[in-house]
Amino acid sequence: MDTEQPRARSLADLTVGGSADVFARKSSGLVRAASTFDASLVNLYTATFPIMVSFVLGIVLPFYAGANLYLVMLIGLLVALPILVTYAVASSVMRRSGGDYVFISRLIHPAVGFAANFAFVVFQAVFLTSAGYYFCQWCLAPLARLLGVGTGSSWLLDLSGTLTEPLAVFLVSELFVLGFGALFILKPTRSVLRIFRYTLPVSAVGLVAFLAALLFQSHDSLIAHFNSYVEGAGGVPDAAAAAASSAADAGFGLAGFSFGATLLAVTWPSFSLPYYLGSSYFAGEVRASRRAQLLAGPLTAVVAVLGSLVLIWVSLGKLGSGFLGSVAAADPAALGLAAAPTYMETAAGASGSTVLGVLIILGFGSWLVPTVPMSLLIMTRCMFGWSMDRVAPEGLAKVSHRTNSPYVAVVVVTVVSAVVSWFWAYGSQLTVVVGAFPQLITLAIGCLAAALLPFRYRDQYETAPIRGYFGKVPRLTVVALLGAAAALFIVWNFARDPSSGVNPTASPGMFWTSLAFFPLGVLLYYVSRFVRRRQGIDLELAFREIPPD
């Protein structure tokens, strides 16, 4: 157990009547089940870089004329790094599950800490349930289509269309949510973390297959194979020409470099890059040194961006900006398809090999599956933190003696996510940026809180992986303020982007709904404080110390 700030008074004194402990119990009941490697894998699948590249090639390339894709990625990384470093250091000093809830509530105010983390958790459900939607659109439907073309099966081709329909999306989403929810309840956390290790080889094989499919063929050969694939899937001959014509009608055209478009396009990697910090939300369960979070977060993000740049370079170099942009911008019906093919499906079709194509699609889909247990892990640990402080009902902090998992919190998250899945299947309001928008506000608040850490917890700061001073100013404070500014820049970029889903003019409903969860969280905190005072507990006194390990 870590040595924390000396207690000003006993736990019994931290209540109104002095008769009850302020925390739900004296020990969390959680165990250090995750290694540094496990934490790195969780972060890698929190912000899945091949999926991020799909948005860059499928949205930025066709619709942000003049944006330089390489600069988009590099600016996104530059903006994300101070956020990631700040969270890595703060969660190393306060190694408790709950992430920014713990340090915002201790360093700014408990109401702010709960409200910020509450909004984060609510919109994490948007990320969790998006996996089923994209798994249908980007893995199951293309896989059926690819196999249908390869085998000449009309049934599989019909199935590929069915798999993009709302009912199929809803059922797959529910299977993901309920299945992984049950796994968290029935199996120890260590067993759940193995999912990331099992998925990694499939993801790696898919990337190797993607590179092999493109690097060893000429551009003309790839386009010819793609034309043949689309003709078999949708009955449209010369698909490249059909896509170019449809895209031109939609206004697509390559343009010279535009810094403004490049900066605006940072929206799309920014729904992903700042989130290589998922491990900070279960920091109390990560064993090894205090540098584990730095290795698991910022370093993993750098590796992922390098991987993204390679994928973009190979895609543009072998398939061409004009071709990829026109395929993404074209009306899918012009190609006889139910949905626009991603760059991975395009590569699978252009490979000319059913085997390579299947490996590419399965590998691509494997990046989506672990996002569900990752989100469950983050959300349940935040709820666990609320419950340990008694802000939420104490039952949420119940931990199974057999699995060391907070099973009540898992049930709550699973039920909520099962409901949100409906909106992905049958609604049109949700986007990945909608999920990220309020969470970036939380990250800005978290960075501001971390800037105060060297002043409020000086002894603990001296043990941090990044410590020391620039003159009299703590280094962490400088990095954290940069992180807060970076997070606010992303929030501003989201809000000014008419395609983000949270633009106040284009999407006022989602913009104001996202912001509303912060005052709602403040209200819920004060309701909880009122209820606890009626029970003889002064809730705010709990926040004078760090929760039990």
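When I speak of contact this morning, I mean heavy atoms within 4.5 Å. With that in mind, let me start at valine 522, which sits in helix 22, residues 508-534, and which, once its neighbours within four places in sequence are left aside, is in contact with Ala111 and Ala115. Valine 522 is partly exposed, at a relative accessible area of 30%, and its C-alpha atom is separated by 11 Å from that of valine 391, a residue 131 places away along the chain.

Before going further, I should say that this is a predicted model. The average pLDDT over the chain is 87, and 91% of the residues score at least 70. The stretch to treat with care is residues 1-20, where pLDDT stays under 50, although the model has 42 contacts there beyond four places in sequence.

Let me turn to the interior. The largest nonpolar core has 179 residues, and Ile83 and Leu440 are the ones with the most contacts inside it. Helix 5, residues 110-151, gives the most to this core, contributing 20 residues. If we look at what surrounds isoleucine 83, again without its neighbours within four places in sequence, we find Leu440 itself among its contacts, together with Pro274, Leu277, Leu443, Cys447, Gly483, Ala486, Ala487 and Ile490.

Now to the cysteines. How many disulfides does the structure hold? The model has 0 disulfides, and two cysteines illustrate this. Cysteine 136 is unpaired because the closest cysteine sulfur, in cysteine 139, is 9.1 Å from its own, too far for a bond when the cut-off is 2.5 Å. For cysteine 382, which is likewise in no disulfide, the nearest cysteine sulfur belongs to cysteine 447 and is 15 Å away. Cysteine 136 has a relative accessible area of 0%, so it counts as buried, and cysteine 382, with a relative accessible area of 0%, is buried as well.

Next, a pair of helices. Helix 8, residues 189-215, packs with helix 17, residues 371-388, at an angle of about 140°, and their axes are 10 Å apart. On the helix 8 side the contact is made by Thr189, Val192, Leu193, Ile195 and Phe196, while helix 17 brings Pro373, Met374, Leu377 and Arg381. By class, the residues of this contact comprise 7 nonpolar, 1 polar and 1 charged.

I would like to finish in the loops. Is serine 351 buried or exposed? Serine 351, placed in the loop between helix 15 (343-350) and helix 16 (354-366), has a relative accessible area of 6%, and it is therefore buried, the limit being under 20%. Not counting residues up to four places away in sequence, serine 351 touches Ala213, Gln217, His225, Leu356 and Gly357.

Aspartate 238, in the loop between helix 9 (219-234) and helix 10 (239-249), counts as partly exposed at 43% relative accessibility. Its C-alpha atom is separated by 41 Å from that of tyrosine 276, which is 38 residues apart from aspartate 238 along the chain. Glutamate 394, in the loop between helix 17 and helix 18 (407-426), is also partly exposed, at 34% relative accessibility. Between glutamate 394 and phenylalanine 384, which are 10 residues apart in sequence, the distance from C-alpha to C-alpha is 8.7 Å.

How values were computed
Residues are numbered from 1 along each chain as its sequence is written. This is a predicted model: local features need pLDDT of at least 70, side-chain atom pairs count only at pLDDT 80 or more; totals for chains, interfaces and linings use all residues. Side-chain values use heavy atoms; hydrogens and water are left out. A nonpolar core is a set of buried Ala, Val, Leu, Ile, Met, Phe, Trp, Tyr and Cys residues joined through side-chain atoms within 4.5 Å. Buried means under 20% relative accessible area, exposed over 50%, partly exposed in between (1.4 Å probe, protein chains only). Helices (H or I, at least four residues) and strands (E, at least two) are DSSP runs, numbered from the N terminus. pLDDT is the predictor's confidence in each residue, from 0 to 100. Axes are lines fitted to C-alpha atoms, for helices over the stretch in contact, and angles run from 0 to 180 degrees between N-to-C directions. Ala, Val, Leu, Ile, Met, Phe, Trp, Tyr, Cys and Pro count as nonpolar, Asp, Glu, Lys and Arg as charged, and the others, Gly among them, as polar.
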